[in-house]
Amino acid sequence: MDGPDWTSGIDRGRASVARVYDYLLGGAHNFSADRDVARTLEAIEPRARAIAAANRAFLTRATRYLAAEAGVRQFIDIGSGIPTQGNVHEIVQRVDPEARVVYVDHDPVAVAHSTSILAENPHADVVQADITDPGSILEHPAVREMIDFDEPVGLLLVAVLHFVPDDRDPAAILAALTAPLPPGSHLAISHGTHKEQTAEAVRQVYRRAVSGGQATLRTAGQIRDLFAGFDLLDPGLVHGPLWRPDSPQDVPEDPERFWFYAGLGRKR
Ligand SMILES: C[S@@+](CC[C@H](N)C(=O)[O-])C[C@H]1O[C@@H](n2cnc3c(N)ncnc32)[C@H](O)[C@@H]1O
């Protein structure tokens, strides 16, 4: 969907979380406001692209494990972003062409692109909804049609929960989203943390210049608490590059400076 369509009705003057991330991943679905923010981020954090890529790589490894080893056949990916390389449906449908995926994002550009690339895919759909309103996701007709809540579900919350401020009660949102999932379901989370001053500077840029970009960076303990009711699988909650790397060469010298944590839990 590279025609003029996807830009209509979009406020090009203000950056969006989805489009800044798209730019950092090397995508083409962003405007100059997004690129300006991304360049500001890169000036503060030269690893910005590497961090975005490492986050995406965690999503890939966790999803591949769920489909290929844990036998999960249905996925809800909230805060799914603008489709890029290695989307969840591509990864899981390589394992089982009938594996089902519902993408959820509140960003209209992310939803427009997802709609376009999924047009021919009967086992994947996209919903425009906000994670802070879990009922609107769980009750959405596309979710009810695609997801069988009697079978294990892979719930993917990758690089989205730090956009949920404390006053929106992320624990309650998690409780609502995970309540209908049967035992054996899985929850993947990656989440920005504030170990470094750089992270705080980046947070300020998002807050000032990015629509919906008010980020809340959390400690490992706070992020671990989001897995209530789930047992964290090996290696637990770790800095993203340390979560089951494909090879030792993939682990940077300073994984703790990739300031996000990642984990995968299994529902009891
Ligand atoms: C950094 S991107 C992550 C994309 C993808 N999950 C990944 O890790 O590659 C964050 C995504 O979360 C979406 N997002 C942010 N706040 C959200 C909210 N309140 N509800 C739904 N989506 C949200 C943004 O639009 C964006 O597409």
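Helices here are DSSP runs of H or I with at least four residues, numbered from the N terminus, and that numbering is what we need to follow the ligand's surroundings. Keep in mind as we go that this is a predicted model.

Let's begin at the ligand. A shell of 18 residues surrounds it, and the closest are Y21, N55, R56, G79 and D105. Which helix gives the largest share of that shell? It is α1, with three residues. Both α1 and α3, the latter spanning residues 48-68, supply at least two shell residues each. By character, the shell divides into nine nonpolar, five polar and four charged residues.

Now look at the polar contacts. An oxygen atom of the ligand sits 2.6 Å from a side-chain N or O atom of D105. Backbone atoms take part too: a ligand nitrogen lies 2.7 Å from a polar backbone atom of G79, and a ligand nitrogen is 3.0 Å from a polar backbone atom of I131. Taken on its own, the ligand has 600 Å² of accessible area, and the protein covers 97% of that.

From here, move along to helix α5, residues 108-117. At its start, a side-chain oxygen of D107 comes to within 2.8 Å of the backbone nitrogen of V109. V109 is also one of the buried residues of α5, alongside A110, V111, H113 and S114. An α-helix has 3.6 residues a turn, so residues three or four places apart point the same way. With that in mind, you can trace the buried positions V109, A110, H113 and S114, among others, along α5.

What covers these buried residues? The cover includes α1 (17-24), together with the strands β3 (100-105) and β4 (124-128). Helix α1 thus appears in both parts of our tour: among the cover of α5 and in the shell around the ligand.

Terms used: Residues numbered from 1 in each chain as written. Predicted model: local features only at pLDDT ≥ 70, side-chain atom pairs only at ≥ 80, totals over all residues. Heavy atoms only, no water. Buried < 20%, exposed > 50% of the residue type's maximum accessible area, 1.4 Å probe, protein only. Contact = heavy atoms within 4.5 Å. Polar contact = N/O pair within 3.5 Å; in protein donor to acceptor, adjacent residues only side chain to side chain. Near = heavy atom within 4 Å. Areas by Shrake-Rupley, 256 points an atom, 1.4 Å probe, with all protein chains shown as cover. Nonpolar A, V, L, I, M, F, W, Y, C, P; charged D, E, K, R; others polar.
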